[in-house]
Amino acid sequence: MKNYLAADTASKYLCVVLCYRGKKYEIFKDDCAMRHSSELMPAADKLFKEAGAEPAEMDFFACSVGAGSFTGIRIGIAAMKGFALATGKKILPVTTFDCAAYNGEGKKILCLCDALHAHYYACGYDETGSRTFPPAYISEAELCDLYAQGYELRTLENPDFLPADLPCVRVNPAIALAGAAEKLSENPAAFKEPAALYIRKCQAEIEKEAKASAAADTNAAGGAAE
């Protein structure tokens, strides 16, 4: 088994997993929102010390690239890129969907992340693990329609963001992160420059564009009146 450090900062939780000489060490904090930048590096340092390992002994570093929190995703990517650059080792991008779908062969799975305001980031897989529904931003009505098609709903987050009448499996984030990273690492092509998986624009960008559009409409109306 390869040595690696993997981090998931894409959600409210913080998950860091270190695998060294066949043994796994992990730190999981269920509510770490707004503190990923201050908690991630101390967590990694604690795991290295607990395992008696050094960053240079890692075969690769893995990070979640989303979907999820815009800021959280960037923090995780930056930290793991720093480790990879400092040690000259490879970096492995992993999506939250890959993690939530881990070990789900034999079932139709719809992996979900909270996108707020009764909307969700979703990605579907068939019984063989092949992607059948590409990453998308969906409404509650669309979610209910997909559930009716026989998908098992899965998430790495606390599922309380979902409608109460829709059963959802919460996958253990640490087990899923380690499992997905190990599976993906078998493919040399999976190691590449991590790019954040932003399915939609952040709220700040949306609001900025809305204001610009409103201003343009106002100017156009003023020009027409003249």
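Helices here (H or I, at least four residues) and strands (E, at least two) are DSSP runs, numbered from the N terminus. The expected span of a helix is 1.5 Å times one less than its number of residues.

Keep in mind that this is a predicted model: local features need pLDDT of at least 70, side-chain atom pairs count only at pLDDT 80 or more, and totals for chains, interfaces and linings use all residues. Residues are numbered from 1 along each chain as its sequence is written, and side-chain values use heavy atoms, with hydrogens and water left out.

Let's look at the helix lengths.

| Helix | Residues in helix | Expected span | Distance between end C-alpha atoms |
|---|---|---|---|
| H1 (36-51) | 16 residues | 22 Å | 22 Å |
| H2 (70-87) | 18 residues | 26 Å | 27 Å |

In H1, the buried residues (under 20% relative accessible area; exposed is over 50%, partly exposed in between, with a 1.4 Å probe and protein chains only) are His36, Glu39, Leu40, Ala43, Ala44, Leu47, Phe48 and Ala51. They cover an arc of only 165° around the axis (taken from the directions from the helix axis to the C-beta atoms), so they lie on the same side of H1. Lys46 and Lys49, on the other side of H1, are exposed. The buried residues of H1 pack (heavy atoms within 4.5 Å) against S1, strand S2 (14-20), strand S3 (23-29), S4 and H2. Glycine 52 follows H1 with a positive phi, near 70°.

Turning to H2, its buried residues include Phe70, Ile73, Ile77, Met80 and Phe83. The buried residues of H2 pack against strands S1 (4-8), S4 (60-64), S5 (90-94) and S7 (119-125), as well as helix H1. Just after H2, glycine 88 has a positive phi of about 75°.
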